[in-house]
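Got your viewer open? Load the model, switch to cartoon, and follow along.

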Amino acid sequence: MDERFNKWLLTPVLTLLFVVIMYQYVSPSCTSSCTNFGEQLRAGEAGPPAAAAAPSAARRAQAPPEEWERRPQLPPPPRGPPEGPRGAVAPEEEEEEPGDLEEDEAEGEDEEPDSEAPENGSLPRFVPRFNFTLKDLTRFVDFNIKGRDVIVFLHIQKTGGTTFGRHLVKNIRLEQPCSCKAGQKKCTCHRPGKKETWLFSRFSTGWSCGLHADWTELTNCVPAIMEKKDCPRNHSHTRNFYYITMLRDPVSRYLSEWKHVQRGATWKTSLHMCDGRSPTPDELPTCYPGDDWSGVSLREFMDCGSNLANNRQVRMLADLSLVGCYNLTFMNESERNTILLQSAKNNLKNMAFFGLTEFQRKTQFLFERTFNLQFISPFTQFNITRASNVEINEGARRRIEQLNFLDVQLYEYAKDLFQQRYHHTKQLEHQRDRQKRREERRLQREHRAHRWPKGDGASEGAVTEDYNSQVVRW
């Protein structure tokens with residue numbers, strides 16, 4: 001009886017062992033889920049082993065788009081001098097505009113491990129909502145820092161631009177790093193061996209085109225400013241301007257701007273230049289009578305119809321000359337909003353790079369792959385900010401979304417494009433790694449073949465001498 005019972009028990013045990021071995025062989029990307037497979041089965045009474053039953057995320061994301069049949073060029077790994085000491089990471093957001101109060105946006109640090117970090121080796125399921133071409137997803141800029149190319153940073157208020165701007169001047173591994181002196185707000189970012197700047201941003205050239213200049217101002221101002229700063233002998237050479245920016249969730253960004261204005265920020269020195277002039281007081285009326293709007297409540301902040309915080313990201317990324325700048329009588333409101341949103345989407349899509357405040361590690365990853373530059377220390381994701389500490393009811397949240405309905409649509413578009421670019425770039429790197437491994441295995445096989453040459457007079461299909469010697473030895 002015992003022998004018969006043991007025979008019946010042996011069959012399912014061997015079957016289970018075979019399944020575990022095959023699962024580890026078929027899904028090499030799994031780590032802890034494979035090693036803990038037996039424990040999950042033994043704990044089956046408490047709940048079903050969902051992790052073991054679901055296919056691995058890496059295999060779900062391995063199906064490349066149809067456009068990949070064109071075999072696009074794979075981006076090379078980031079370049080840079082030998083790795084130096086790791087620097088400190090700045091807080092999430094600090095605003096130090098002239099006349100504004102200094103803000104430390106990140107009151108508390110709550111680092112959340114990025115589940116999609118490269119070292120995890122897995123890509124979660126992502127369902128795209130918008131159709132983008134291969135050109136839209138492939139971002140690899142041949143940035144010539146030794147030539148005349150310039151990176152232009154469009155800094156939108158309360159999007160984490162201060163932190164990202166500091167990364168650009170203090171955290172990039174360069175042949176000639178930016179020179180930042182204590183007590184000075186601007187750094188000197190010269191090209192290797194030249195006294196010419198390669199970066200146009202708040203922390204390198206200052207607010208040369210006005211405080212928080214938008215896309216309309218920068219595209220009309222930056223070329224002329226750079227020509228004045230450049231040496232006359234270089235004017236005959238072409239120059240490429242690579243525009244970059246950061247975006248943020250509209251509700252969080254709006255609340256952060258409200259808290260900043262509540263503490264005394266105004267940004268009233270901004271020029272808002274469009275078609276060669278600034279808006280008149282009738283075109284852009286102020287929301288407060290005094291020097292600032294300190295102590296403003298959220299309801300008062302939302303009730304001002306001319307508040308530039310409304311749909312700020314769309315307005316700062318769109319070409320305002322298409323809608324008559326700040327003249328609201330130029331066309332009806334519906335047509336104006338449609339043109340502004342589409343213009344902002346097109347400009348954002350055609351930028352060399354944009355990042356999202358909510359995805360710091362992915363932002364770092366895409367910037368490094370786009371410009372073939374490498375940061376010294378990794379970006380830090382801060383999840384506790386001044387905006388996150390603001391408690392609002394559902395009615396107030398819906399009101400903010402209505403006031404920023406264009407920004408909400410732009411952010412959904414930007415987030416989808418950002419995620420598709422990230423996954424596309426990761427897939428290209430996986431393809432490059434597989435090609436590298438195949439080439440290494442091919443070279444190893446050729447090396448082994450040369451170590452044991454064929455005997456004299458052996459035919460092409462004959463058994464090698466190495467194999468015959470092994471048979472004799474056996």
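Start with two helices: in this predicted model, α13 passes α15 in a left-handed crossing. To see who touches whom, show side chains for Lys362, Thr363, Phe365, Leu366 and Arg369 on α13, then add Phe418, Gln419, Arg421, Tyr422, Thr425, Lys426 and Glu429 on α15. Colour that selection by class and you get 4 nonpolar, 3 polar and 5 charged residues.

Now for the geometry. Select 360–371 for α13 and 405–451 for α15; their axes come within 10 Å and cross at roughly 60°. An angle of that size falls short of the 65 to 115 degrees that would count as roughly perpendicular, so α13 is oblique to α15.

Next stop: select 161–170, which is helix α7. Is this helix mostly covered or mostly open? Mostly covered, with 9 of its 10 residues buried. Highlight the buried ones: Gly161, Thr162, Thr163, Phe164, Gly165, Arg166, His167, Leu168 and Val169.

What covers those buried residues of α7? Bring up the strands β1 (150–154), β2 (199–200), β3 (241–247) and β4 (353–356), which are among the elements covering them. Helix α13, from the first stop, is also part of that cover.

Finally, zoom out to the whole chain. The secondary structure comes to 16 helices and 4 strands. Of the 474 residues, 45% are buried. Turn on the surface: the accessible area is about 26,400 Å², and carbon and sulfur atoms hold 52% of it. If you draw a contact map, keep to separations of 6 or more; residues 24 or more positions apart account for 75% of those contacts.

Note on methods
Residues numbered from 1 in each chain as written. Predicted model: local features only at pLDDT ≥ 70, side-chain atom pairs only at ≥ 80, totals over all residues. Heavy atoms only, no water. Helix = DSSP H or I, 4+ residues; strand = E, 2+ residues; numbered from the N terminus. Buried < 20%, exposed > 50% of the residue type's maximum accessible area, 1.4 Å probe, protein only. Contact = heavy atoms within 4.5 Å. Areas by Shrake-Rupley, 256 points an atom, 1.4 Å probe, with all protein chains shown as cover. Axes fitted to C-alpha atoms, helices over the stretch in contact; angles between N-to-C directions. Parallel < 35°, antiparallel > 145°, perpendicular 65-115°, else oblique. Left-handed = near helix turned anticlockwise from the far one by under 90°. Nonpolar A, V, L, I, M, F, W, Y, C, P; charged D, E, K, R; others polar.
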